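Trainee: Could we walk through this model together, and could you show me how each label is earned?
Mentor: Gladly, let's take the terms one by one.

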Amino acid sequence: MAILKVIAIPDPLLKQASPELKNVGDQTRRLACDMRETMLSHKGCVGLAAVQVGVLARLIIVDVSLSANPHRSSGVLTMINPVITHSSGKTSSREGCLSVPDFIGSVTRKKKIEVGYTDIDGQKRSLKTEGFEAVCIQHEIDHLDGIVFLDRVTSLKTDVFRRQESV
Ligand SMILES: [Zn+2]
């Protein structure tokens, strides 16, 4: 396993849409392991998309159990070619991103989602979730479409904040 370099804006790769992963093999599994290790190496990080480590492929990992606050959590989710099949409600929260290191922003997203995906063993799955976990999955899927949370805020003037110096 290896900790990978995370790219940040204005890297043009972050604006690109990632293509679907055709098959799940050892290379994908190794990438998912490395992404997990990379996520764990950044305190407070709860999700990562492959493009953030420079790989254009529809693969994300999310683990909201790593968050400081207790949330409904499905544990480590490795999602290949994730697609939101149903969604409802609205929720607004502050989001941060390793690829947007200096800012956090208020973003409105769907409150509840159902997402279809392929797991790391190549099995088709579906997950219903809500709240923080649903927000994280939507944030990571956005990366696969070349979107960062700054593209989702209503106003760059009032909804984006400079991140406090971390200790
Ligand atoms: Zn992000």
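**The zinc site and its surroundings**

Mentor: This is a predicted model. In it, the zinc ion has Cys97 (SG), His139 (NE2) and His143 (NE2) as its protein donors, lying 2.1 to 2.2 Å away.

Trainee: What makes these atoms donors of the zinc ion?

Mentor: The cut-off for a donor N, O or S atom is within 2.8 Å of the metal. The SG of Cys97 and the NE2 atoms of His139 and His143 lie 2.1 to 2.2 Å from the zinc ion, so they qualify. Water is not among the atoms, so the site may look incomplete.

Trainee: How are the donor residues spaced in sequence?

Mentor: The spacing reads C-x41-H-x3-H.

Trainee: Why are His139 and His143 separated by about one helical turn?

Mentor: Because they are 4 residues apart in helix H2, which covers residues 131-144. Both histidines are buried, too.

Trainee: Why is Thr28 called buried?

Mentor: Its relative accessible area is 7%, and buried means under 20%, so Thr28 fits the label. Thr28 sits in helix H1 (residues 26-40).

Trainee: Which residues does Thr28 touch?

Mentor: Leaving aside residues up to four places away in sequence, Thr28 touches Leu21, Asn23, Leu59, Ile80 and Ile120.

Trainee: What is the strand order in the open sheet?

Mentor: The 5 strands run in the order S1-S2-S3-S6-S7, with antiparallel pairing.

Trainee: Why do S1 and S7 count as edges?

Mentor: Strand S1 (47-49) and strand S7 (124-130) each have a single partner strand, so one side of each has no neighbour in the sheet. From one strand to the next, the twist averages 35°.

Trainee: How do you know that S1 and S2 are paired?

Mentor: Pairing needs at least two bridges. S1 and strand S2 (residues 59-62) share 3 bridges in the antiparallel sense, so they count as a pair. Looking at one position, Ala49 has Ile60 in S2 as its bridge partner.

Trainee: Where does H1 lie relative to these strands?

Mentor: H1 lies across S1, S2 and strand S3 (77-88), at about 40° to S2.

**Salt bridges**

Trainee: How many salt bridges does the structure hold?

Mentor: There are 6 salt bridges.

Trainee: What makes the contact of Glu95 and Arg109 a salt bridge?

Mentor: The limit is 4 Å between a side-chain nitrogen of Lys or Arg and a carboxyl oxygen of Asp or Glu. For Glu95 and Arg109 the N to O distance is 2.6 Å, so the pair qualifies. This pair links distant parts of the chain, with Glu95 in strand S4 (residues 91-97) and Arg109 in strand S5 (residues 100-109), 14 residues apart. Glu95 and Arg109 are both buried.

Trainee: And why is Arg125 called partly exposed?

Mentor: Partly exposed falls between under 20% and over 50%, and Arg125 has 46% relative accessibility, so the label fits. Arg125 forms a salt bridge with Asp119, their closest N and O atoms being 2.5 Å apart. Asp119 is buried, with a relative accessible area of 7%.

Trainee: Which residue forms a salt bridge with Arg152?

Mentor: That is Asp142, with the closest N and O atoms 2.8 Å apart. Arg152 is in the loop between H2 and strand S8 (160-162), and Asp142 is in helix H2, 10 residues apart. At 40% relative accessibility, Arg152 is partly exposed, whereas Asp142, at 6%, is buried.

Trainee: Which residues are linked in a network of salt bridges?

Mentor: Glu95, Arg109, Asp142 and Arg152 are linked in such a network.

Terms used. Residues numbered from 1 in each chain as written. Predicted model: local features only at pLDDT ≥ 70, side-chain atom pairs only at ≥ 80, totals over all residues. Heavy atoms only, no water. Donors = N, O, S within 2.8 Å, 3.2 Å for Na, K, Ca; no water. Helix = DSSP H or I, 4+ residues; strand = E, 2+ residues; numbered from the N terminus. Buried < 20%, exposed > 50% of the residue type's maximum accessible area, 1.4 Å probe, protein only. Contact = heavy atoms within 4.5 Å. Axes fitted to C-alpha atoms, helices over the stretch in contact; angles between N-to-C directions.
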